[in-house]
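Me: Hi, I am new to this one. Could you show it to me and then take my questions?

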Amino acid sequence: MRSAATGAQAVDRAASLLVHVLAAGEPVTFPELVTASGLPKSTVSRLLASLERNRLVARTSSGEVVAGEAVLAFARRSNPHDELIARCRPVLERIAAATGE
């Protein structure tokens, strides 16, 4: 059985790879991920395989790494204007109440 520290380290490393892919804004190559992470190729390969199995990342036809379907589905669920709406709602409700609209 793996120790908690080892499991947490793997999660941290996988999360860092995912964040790098998402922050890049364009497909990322395997060598770029190896360089950015400072991890051995075998570790990056293993972590990417796990992220792919969970649909957090995907490979393009040329082998580059991009956001996976699970990440894209989550992103599609949120409205980019939700925060603005939440901030404006109380003010707009007061205006509506004051004007009878």
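Reply: Gladly, and we can start with helix 5, where the number of buried residues is zero out of 18, so the helix lies largely in the open. Buried here means under 20% relative accessible area, exposed over 50%, and partly exposed in between (1.4 Å probe, protein chains only). This is a predicted model, in which local features need pLDDT of at least 70, side-chain atom pairs count only at pLDDT 80 or more, and totals for chains, interfaces and linings use all residues. Residues are numbered from 1 along each chain as its sequence is written, and side-chain values use heavy atoms, with hydrogens and water left out.

Me: How far apart are the end C-alpha atoms of helix 5?

Reply: Helices (H or I, at least four residues) and strands (E, at least two) are DSSP runs, numbered from the N terminus. The expected span is 1.5 Å times one less than the number of residues. For the 18 residues of helix 5 that gives 26 Å, which agrees with the distance in the model, 25 Å.

Me: At which residue does helix 5 bend?

Reply: The bend is the angle between axes fitted to the seven residues ending at a residue and the seven starting there. In helix 5 this angle is about 40°, and proline 90 follows within four residues of the bend, which is at arginine 89.

Me: Which residue forms a salt bridge with arginine 87?

Reply: A salt bridge needs a side-chain nitrogen of Lys or Arg within 4 Å of a carboxyl oxygen of Asp or Glu. For arginine 87 and its partner, the closest N and O atoms are 3.2 Å apart. The two lie in helix 5, four residues apart, about one turn of the helix. Arginine 87 is exposed at 61% relative accessible area, and the exposed partner, at 52%, is glutamate 83.

Me: Is leucine 92 buried or exposed?

Reply: Leucine 92 sits in helix 5, which covers residues 82-99. Together with Val91 and Ile95, Leu92 forms a nonpolar surface patch of about 260 Å² accessible area. Its relative accessibility is 53%, so leucine 92 counts as exposed.

Me: What is the N to O distance between arginine 76 and glutamate 69?

Reply: This pair also meets through side chains in a salt bridge. Arginine 76 is exposed, with a relative accessible area of 56%, while glutamate 69 is partly exposed at 40%. The N to O distance is 2.5 Å.

Notes
Patches are made of residues with over 30% relative accessible area and no salt bridge: like charges are joined within 9 Å, nonpolar side chains (Val, Leu, Ile, Met, Phe, Trp, Tyr) within 5 Å. Accessible areas come from the Shrake-Rupley method with a 1.4 Å probe; for residues, only the protein chains shown count as cover.
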